[in-house]
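Here's a quick tour of one protein chain, feature by feature. Keep the picture open while you read, and find each piece as it comes up.

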Amino acid sequence: MADKKNLLLLLDRPSEPIFMEKGTDRSTIFDVPDKFLTDRYRPIGSEVQSRFGEKAEQRIPVKDISIPDLKIPMSLGRREQFSLFIPRHRRIAGRLIDIFLGLRSIEDLQSVAVYARDRVNAFLFNYALSVALLHRPDTKGLNLPSFVETFPSKFVDSKVFTDLREEATVVPDGSRMPIVIPKDYTASDLDEEHRLWYFREDMGVNLHHWHWHLVYPFEASDRAIVAKDRRGELFYYMHQQIVARYNMERFSNNMSRVRRLNNLRDPIPEGYFPKMDSLVASRAWPPRFANAAMQDLDRELDQIKLDVGDLERWRDRFYEAIHQGFVVDESGNRIPLDETTGIDTLGNMMESSILSPNRQLYGDLHNMGHVFLSYIHDPDHRYLESFGVIGDSATAMRDPVFYKWHAFVDDVFQEHKEALPPYNQNQLNYPDITITGVQVDNDSGSGTNSLQTYWQQSDIDFSRGLDFVPRGNVFARVTHLQHDAFTYTMNIDNAGGAQRFGTVRIFLGPKTDERGQPMLLRDQRLLMVELDKFVVSLQPGQNTIRRRSTESSVTIPFERTFRNLDANRPAAGSPDELEFNFCGCGWPQHMLIPKGLQQGLRCELFVMVSNFEDDRIDQDLVGSCSDASSFCGVRDRMYPDRRPMGYPFDRLPPTGADRLAGLLTQNMRVIDVNIVHNDRTTVRMS
Ligand code: CUO
């Protein structure tokens with residue numbers, strides 16, 4: 001019987017042929033039928049197989065089966081760039097996913113994947129196999145290797161790879177030193193936007209985004225893979241929160257909120273030069289020059305012929321639907337944009353996924369926005385250039401225009417949210433439950449209600465992604481934001497005579513606007529960043545609830561973002577291994593709170609306890625990778641909170657609540673919190 005874990009080895013070192021050693025902990029080779037080898041190696045099959053097989057500690061037999069037709073997956077060149085935003089690439093990926101999902105056994109999947117691996121595009125192969133492994137019943141529970149380990153060149157300065165190769169080739173494994181990746185290398189201080197390098201270029205932030213789109217594909221012939229519970233709403237909410245977080249970082253750098261890209265023909269003042277190469281595609285990522293504007297696209301290779309006018313028409317149809325309160329499906333039926341499902345429908349239309357009620361009418365606005373922006377430097381392919389970083393979900397968040405585009409996308413969603421009635425007292429209050437006190441304390445003991453941020457260096461093993469260099473670990477040392485872990489303490493009074501359950505919802509927002517003026521709640525609500533959400537049981541009388549910042553429902557732990565799957569893995573089959581179910585989707589813990597200012601960024605921390613009876617979803621959550629559920633949902637389960645995502649800030653405030661203080665009922669509390677940035681760098685001890 002084939003072992004499903006061996007499938008993960010097919011993701012290692014994507015450019016190296018299948019018969020070369022795989023695995024980092026022990027040397028493994030696949031025993032490949034000669035006819036599976038590519039034309040280059042078939043004539044010398046026994047020679048290469050024995051040369052690489054000699055040192056192998058483990059040999060994996062590969063069964064010779066008849067291979068399904070791979071013509072469509074192979075129609076994308078081996079070394080071309082691959083993007084899910086491009087419909088042609090999406091169709092090609094859909095075909096390969098179908099093939100992988102349709103195979104009857106792990107053994108057959110292994111054979112076809114081994115055969116396909118050296119023939120189809122490396123990014124496409126990784127994506128399609130990853131989606132298949134996440135969704136096949138017989139491979140669920142496998143932990144995919146971190147994408148940064150497999151494709152490191154999508155995440156860091158291209159310069160470091162020469163150093164990494166030298167270290168790996170010259171210095172024996174065990175004595176190698178980490179290669180330091182320069183702290184901010186993509187621009188100088190002349191570019192104001194460059195102040196946000198640590199957010200846009202953060203590895204964990206980009207990994208989260210790539211993973212989110214892997215978990216929530218928008219196209220597949222098996223509808224169930226796309227039709228996950230409230231996936232359109234989650235598309236809206238997760239990206240809304242990214243924009244809110246980005247704006248908090250802008251406030252942490254004395255910058256104003258990001259300006260949405262609402263006039264699609266305007267030149268875009270902010271440029272971006274990624275300074276990255278694609279190792280697999282052997283090409284540099286193209287820059288996006290300042291003041292470039294979107295132009296009509298005519299790229300035969302990608303089979304894209306679309307005008308900026310098409311985007312504008314789709315946009316106008318969104319506004320029309322929102323203002324009329326319904327969308328029209330393909331048969332002409334009206335689907336109301338109501339309080340419960342309206343945002344989910346709009347999310348699916350916007351992205352757009354195959355769940356869109358009418359792709360003909362409402363088009364493909366969000367994805368095509370990415371495509372137009374990614375081809376801004378070569379709209380008609382005259383220079384034979386591929387797309388820029390905004391065209392790939394693993395790199396898109398590096399470019400400032402990502403946030404301008406998503407601020408626009410969010411604005412469309414907010415048009416709908418603003419049309420809904422504000423929450424009334426019944427929907428906000430939890431009778432008998434009163435929050436009498438809230439405070440936060442740092443682990444370091446450095447004061448109450450004052451959060452501390454600083455820089456930290458951490459090492460990541462890049463060896464899985466370095467093709468054609470000697471085996472063994474090679475570490476890159478990256479600098480990222482970090483903060484002191486902290487604890488929330490909440491005093492909650494239950495005046496009812498019996499035990500009650502509540503959902504604690506914690507948000508952080510700025511206290512003042514860019515000019516230091518108090519904010520109106522209608523603006524502030526869009527900047528409220530979700531920090532945590534969890535269920536508590538409340539005994540009659542006073543309850544003291546303590547919650548660690550590291551337990552956040554938004555984040556995944558540091559080790560999971562930068563994980564090395566081979567280190568610290570619990571014994572196979574042990575109960576611990578079930579808990580070791582890395583999902584990879586989740587905001588990185590080290591980016592939980594914004595950077596703040598050296599003199600302190602004044603913020604408001606909002607805590608609410610809502611009635612669990614109105615929130616609850618009855619389902620079991622065992623072993624389902626649920627610890628970043630606010631942003632990622634729960635695998636194979638319903639979204640674990642019945643309220644609209646972003647509640648209670650997803651709608652306009654009720655009349656009379658011009659400021660946050662006016663919203664508060666006794667089950668809510670706001671305290672002032674200061675975020676202080678210390679400009680020092682620590683090294684992470686592992
Ligand atoms: Cu996540 Cu625009 O959707 O990137």
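Let's start with helix α3, which covers residues 87-102 of this predicted model. Its 16 residues, at 1.5 Å a residue, should span 22 Å, and the end C-alpha atoms are indeed 22 Å apart, so the expected and computed lengths agree.

**Helix α3 and its neighbours**

- Quite a list of α3 residues is buried, including Pro 87, Arg 88, His 89 and Arg 90 at the beginning of that list.
- Further along, Ile 92, Ala 93, Gly 94, Leu 96, Ile 97, Ile 99 and Phe 100 are buried too.
- What do these buried residues pack against? Their partners are the helices α4 (106-117), α5 (122-135), α14 (359-362) and α15 (365-374), plus the strand β7 (304-306).

**The seven-stranded sheet**

- Now look for an open sheet of seven strands, in the order β3-β12-β11-β20-β19-β14-β15, with mixed pairing.
- The edges are β3 (179-180) and β15, each of which pairs on one side only.
- At the β3 edge, β3 runs parallel to strand β12 (residues 475-483), with two bridges between them.
- Val 180 is the residue that sits opposite Arg 477 of β12.
- Helix α11 (residues 231-251) packs on this sheet and touches β14, β15 and β19 (601-611). The direction of α11 makes about 115° with that of β15.
- As a bit of background, strands of a sheet pair through backbone hydrogen bonds, and they can do so parallel or antiparallel.
- At the other edge, β15 pairs with strand β14 (residues 500-510) in the antiparallel sense, over nine bridges.
- In that pairing, Arg 505 stands opposite Lys 533 in β15.
- Is β15 largely enclosed or largely open? Eight of the 10 residues of β15 (residues 529-538) are buried, so the strand is largely enclosed by the rest of the structure.

**A closer look at Arg 680**

- Arg 680 belongs to strand β20 (residues 668-683).
- With a relative accessibility of 43%, Arg 680 counts as partly exposed, because that value falls between the 20% and 50% cut-offs.
- Leaving out residues up to four places away in sequence, Arg 680 touches Tyr 454 and Trp 455.
- Gln 599 is 81 residues from Arg 680 along the chain, and their C-alpha atoms are separated by 15 Å.

**Cysteines**

- How many disulfides are there? The count comes to one.
- That disulfide joins Cys 585 to Cys 632, with 2.2 Å from S to S.
- The link of Cys 585 and Cys 632 is left-handed, with -80° about the S-S bond.
- The two cysteines come from distant parts of the chain, 47 residues apart: Cys 585 is in the loop between α20 (575-579) and β18 (587-588), and Cys 632 is in helix α21 (residues 629-632).
- Both ends are tucked away: Cys 585 is buried at 5% relative accessible area, and Cys 632 is buried at 9%.
- Another cysteine to find is Cys 603, which is buried with a relative accessible area of 0%.

**Salt bridges**

- Side chains of opposite charge can pair when their charged atoms come close.
- Searching the whole structure turns up 45 salt bridges.
- One of them pairs Asp 108 with Arg 104, at 3.9 Å from N to O. Asp 108 is buried at 10% relative accessibility, whereas Arg 104 is exposed at 76%.
- Another is formed by Arg 500 and Asp 432, whose closest N and O atoms are 3.0 Å apart. This pair links distant parts of the chain, 68 residues apart: Arg 500 is in strand β14, and Asp 432 is in the loop between α17 (425-428) and β10 (433-442).
- Arg 500 is partly exposed at 25%, and Asp 432 is partly exposed at 34%.
- Lys 511 also forms a salt bridge with Asp 672, with the closest N and O atoms 3.1 Å apart. Here the partners are 161 residues apart: Lys 511 is in the loop between β14 and α18 (521-524), while Asp 672 is in strand β20.
- Lys 511 is partly exposed at 22%, and Asp 672 is partly exposed at 44%.
- Finally, salt bridges that share partners tie Arg 505, Lys 533, Asp 614, Asp 615, Asp 641 and Arg 643 into one network.

Terms used:
Residues are numbered from 1 along each chain as its sequence is written. This is a predicted model: local features need pLDDT of at least 70, side-chain atom pairs count only at pLDDT 80 or more; totals for chains, interfaces and linings use all residues. Side-chain values use heavy atoms; hydrogens and water are left out. Helices (H or I, at least four residues) and strands (E, at least two) are DSSP runs, numbered from the N terminus. The expected span of a helix is 1.5 Å times one less than its number of residues. Buried means under 20% relative accessible area, exposed over 50%, partly exposed in between (1.4 Å probe, protein chains only). Contact means heavy atoms within 4.5 Å. A disulfide is a pair of cysteine sulfur atoms within 2.5 Å. Two strands pair if DSSP finds at least two bridges between them. Axes are lines fitted to C-alpha atoms, for helices over the stretch in contact, and angles run from 0 to 180 degrees between N-to-C directions. A salt bridge is a side-chain nitrogen of Lys or Arg within 4 Å of a carboxyl oxygen of Asp or Glu.
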